[in-house]
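Hello,

Here is the structure I promised to pass on to you. Please open it alongside this note, and I will tell you afterwards what I found in it.

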Amino acid sequence: MASGAPDKSPDVAGRRKRLVALCQGLPEATAEPAGVQHLAFKVGKKTFAYYAYDHHGDGRIALLSKAPPGEQGQLVAEDPERYFVPPYVGSKGWVGFRLDSPRVDWRAVKNLLSVAYFLTAPDKLRMRLGQGKAARRGDARSRPKRG
């Protein structure tokens with residue numbers, strides 16, 4: 001799908017809704033309109049990811065997310081059908097992940113969002129994220145002490 005209107009065959013609305021739900025599961029993260037059909041995922045005033053729908057007619061529906069140094073190149077090299085270097089933010093190391101493919105790996109999407117959030121959120125929110133994960137694993141460090 002090089003250019004033109006995005007393929008409507010995948011459940012575009014359902015995928016967008018699922019992406020928003022994943023974002024809103026992160027402490028104090030919000031999804032805000034960014035243009036006509038795009039969304040900006042933010043923590044406070046800082047953007048950590050975007051939902052992009054046919055950005056400048058590129059024909060893609062994708063998640064664009066902040067990534068750690070070196071991650072973008074590695075992901076794109078390993079799976080160029082799924083990952084790409086997005087325009088504008090790609091030069092800053094962000095990575096694009098296609099949401100318009102027949103099957104979406106939602107664990108990969110959740111991981112990309114979590115990493116981007118972690119790179120952007122203030123310390124107090126990152127700590128809350130870590131404590132929540134420990135509690136879900138049943139980690140003793142996250143349990144309240146009984147007195």
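Leaving out residues up to four places away in sequence, Q72 touches V85, P86, G90, G93, W94 and V95. One of these neighbours, G90, also has its backbone oxygen 2.9 Å from a polar atom of the Q72 side chain. You will find Q72 in helix α2, which runs over residues 71–78. Is Q72 buried or exposed? Its relative accessibility is 15%, under the 20% cut-off, so Q72 counts as buried.

Before going further, please keep in mind that this is a predicted model. The mean pLDDT of the protein chain is 84, with 81% of the residues reaching 70 or more. The stretch to be careful with is residues 134–147, where the pLDDT is below 50. Beyond near neighbours in sequence, that stretch has 5 contacts in the model. Where pLDDT is low, the predicted coordinates should not be read in detail.

Now for the overall layout. The protein chain has 4 helices and 6 strands, and along the sequence they follow the pattern α-β-β-β-β-α-β-β-α-α. Of the 147 residues, 40% are buried. Among contacts with a separation of 6 or more, 51% are between residues 24 or more positions apart. The chain exposes about 8,900 Å², and carbon and sulfur atoms supply 52% of that area.

A good place to look next is A29, in strand β1 (residues 29–33). With a relative accessible area of 10%, A29 falls under the 20% limit and is therefore buried. Setting aside neighbours within four places in sequence, A29 is in contact with C23, Q24, K42, F48 and Y117. How many residues separate A29 and Y117 in sequence? They are 88 residues apart, yet their C-alpha atoms are 8.3 Å apart in space.

Y117 brings us to helix α3, as Y117 is one of the buried residues there. The others are W106, A108, V109, L112, L113, S114, A116 and T120. An α-helix has 3.6 residues a turn, so residues three or four places apart point the same way. At the start of α3, a side-chain oxygen of D105 reaches to within 3.1 Å of the backbone nitrogen of R107. The length of the helix also checks out: at 1.5 Å a residue, the 15 residues of α3 (residues 106–120) should span 21 Å, and the end C-alpha atoms are indeed 21 Å apart.

Enjoy exploring it, and do write back with any questions.

Best wishes

Conventions:
Residues are numbered from 1 along each chain as its sequence is written. This is a predicted model: local features need pLDDT of at least 70, side-chain atom pairs count only at pLDDT 80 or more; totals for chains, interfaces and linings use all residues. Side-chain values use heavy atoms; hydrogens and water are left out. Helices (H or I, at least four residues) and strands (E, at least two) are DSSP runs, numbered from the N terminus. Buried means under 20% relative accessible area, exposed over 50%, partly exposed in between (1.4 Å probe, protein chains only). Contact means heavy atoms within 4.5 Å. Accessible areas come from the Shrake-Rupley method with a 1.4 Å probe; for residues, only the protein chains shown count as cover. pLDDT is the predictor's confidence in each residue, from 0 to 100. The expected span of a helix is 1.5 Å times one less than its number of residues. A polar contact is a pair of N or O atoms within 3.5 Å; within protein, one must be able to donate a hydrogen and the other to accept it, and residues adjacent in sequence count only if both atoms are side-chain atoms.
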